[in-house]
Amino acid sequence: MESQRRFPGGKITKGMHNQNLDALFFTPLDPEENPAFQNGDECDGESEQKKRSRPLGRGLTGFTSLAGSVSWNESMREHTTLRVGGPADVLIIPADVHDVARVFETAATHRLPVTVIGNGSNLLVSDEGIEGIVIKISGTFADITVCDGALSVGAGCSLSRLIDEARRHSLTGLEPLTGIPGTVGGALVMNAGVQEAAIGDAVETVTVMDTGGHVTELDSCKCQFGYRSSIFQKEAWIILNARLRLRRGRMEDIDERIGRHREARRRRQPLELYSAGS
């Protein structure tokens, strides 16, 4: 399931060591290093319950200029694979990186907590909902381009679509990720995979944005991939894109491996039921 940690702007949802981490695009800044994101829990002595009951104003400066969608008091059950959860104060589906930068700027200005999710798998939201801003990446940042055995893929792309696209170009290496119902961004944060392989094995570069809106491209060696771990669990970055290097393979062999991993996952969990994923 999900646990919640309080970060310098409020609460950011963090996940356990699972294979479909879609709430792991954002990690904390030190509040002393970024006062704009400091938690204001003790500013006025009000209880958490009282503050949580105050909705954000719909005229909040910074959201009217966004190209993406903005939904107020949005039920999170519509955005999680478990189909449970109370409302987010405001849920934003950004249209591009400029939207993400504007949201972070608004959050810093108004000292609002930010939660970034992908497809909402492995995410258990309480009935009280999520305070502050939720950024949903799934459905946007989902483009895939293929060139000379390398795939450039957005963080919001589903793993299933990525695997299908690799197969279509006879590129092998991602088949062990078959059946993991998360997005590329979540998979990178937890270095998702199985015993024989993980997504970090194929990474050449990862492009991230920090809460100041600065975009950086990291080589794979700087991503610190380990068993269900990466640098993205430690830094205050949102993953935007990754470049993966795969091998050429025979379509028949790729299909066989995809089928084998799909069947193994089907044996372990009821895929027809709502669940947190693998």
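Select Ala 192 first; this residue sits in the loop between helix H4 and strand S10 (193-194). In this predicted model, Ala 192 is buried, with a relative accessibility of 0%. Add Pro 176 to the selection and draw a C-alpha to C-alpha distance: the two residues are 9.6 Å apart in space and 16 residues apart in sequence.

**The whole chain**

Now display the full cartoon. The protein has 5 helices and 15 strands. Of its 278 residues, 51% count as buried. Among contacts with a separation of 6 or more, 65% are between residues 24 or more positions apart.

**The nonpolar cores**

Next, select Ile 133, Leu 162, Leu 174, Val 206 and Phe 232. These are the residues with the most contacts inside the largest nonpolar core, which has 54 residues. Colour strand S14 (residues 237-245) as well, since this strand gives the core its largest share, 6 residues. Then select Ala 88, Ile 117, Leu 123 and Val 134, which are included in a second, separate core of 8 residues.

**Helices H3 and H5**

Select residues 159-168 for helix H3 and residues 251-268 for helix H5. The two helices pack at an angle of about 160°, and their axes are 10 Å apart. An angle over 145 degrees counts as roughly antiparallel, and H3 and H5 are therefore roughly antiparallel to each other.

Show side chains where the helices meet. On the H3 side are Ile 163, Arg 167 and Arg 168; on the H5 side are Met 251, Ile 254, Asp 255 and Ile 258. By class, the residues of this contact comprise 4 nonpolar, no polar and 3 charged.

Which side chain meets that of Asp 255 in a salt bridge? The partner is Arg 167, at 2.4 Å from N to O. Because Asp 255 belongs to helix H5 and Arg 167 to helix H3, the pair ties together parts that are 88 residues apart in sequence. Asp 255 is partly exposed, at 32% relative accessibility, and Arg 167 is also partly exposed, at 30%.

**Further salt bridges**

The structure holds 10 salt bridges in total. Keep helix H5 in view and select Arg 257 together with Glu 175. Their closest N and O atoms are 3.4 Å apart, and the two residues form a salt bridge. This pair links distant parts of the chain, 82 residues apart: Glu 175 is in the loop between strand S9 (171-172) and helix H4 (184-190), whereas Arg 257 is in helix H5. Is Glu 175 buried or exposed? Glu 175 is buried, with a relative accessible area of 3%, while Arg 257 is partly exposed at 24%.

Move to helix H2 (residues 97-110) and select Asp 99 and Arg 102, which lie 3 residues apart, about one turn of the helix. Here too there is a salt bridge, with 3.0 Å between the closest N and O atoms. Asp 99 is buried, with a relative accessible area of 0%, and Arg 102 is partly exposed at 32%.

**Around Thr 205**

Select Thr 205 in strand S12 (residues 203-210). This threonine is buried, with a relative accessible area of 11%. Which residues does Thr 205 contact, leaving aside its neighbours within four places in sequence? They are Glu 217, Leu 218, Asp 219, Ala 242 and Arg 243.

**Two positive phi angles**

Finish with two backbone positions. Most residues other than glycine have a negative phi. Select Ser 170 in the loop between H3 and S9; its phi is near 55°, a positive value in a residue other than glycine. Then select Gln 224, which is in the loop between strand S13 (215-219) and S14. The phi of Gln 224 is positive, near 55°. With 41% relative accessibility, Gln 224 counts as partly exposed.

Key:
Residues are numbered from 1 along each chain as its sequence is written. This is a predicted model: local features need pLDDT of at least 70, side-chain atom pairs count only at pLDDT 80 or more; totals for chains, interfaces and linings use all residues. Side-chain values use heavy atoms; hydrogens and water are left out. Axes are lines fitted to C-alpha atoms, for helices over the stretch in contact, and angles run from 0 to 180 degrees between N-to-C directions. Helices (H or I, at least four residues) and strands (E, at least two) are DSSP runs, numbered from the N terminus. Angles under 35 degrees count as roughly parallel, over 145 as roughly antiparallel, 65 to 115 as roughly perpendicular and the rest as oblique. Contact means heavy atoms within 4.5 Å. Ala, Val, Leu, Ile, Met, Phe, Trp, Tyr, Cys and Pro count as nonpolar, Asp, Glu, Lys and Arg as charged, and the others, Gly among them, as polar. A salt bridge is a side-chain nitrogen of Lys or Arg within 4 Å of a carboxyl oxygen of Asp or Glu. Buried means under 20% relative accessible area, exposed over 50%, partly exposed in between (1.4 Å probe, protein chains only). A nonpolar core is a set of buried Ala, Val, Leu, Ile, Met, Phe, Trp, Tyr and Cys residues joined through side-chain atoms within 4.5 Å.
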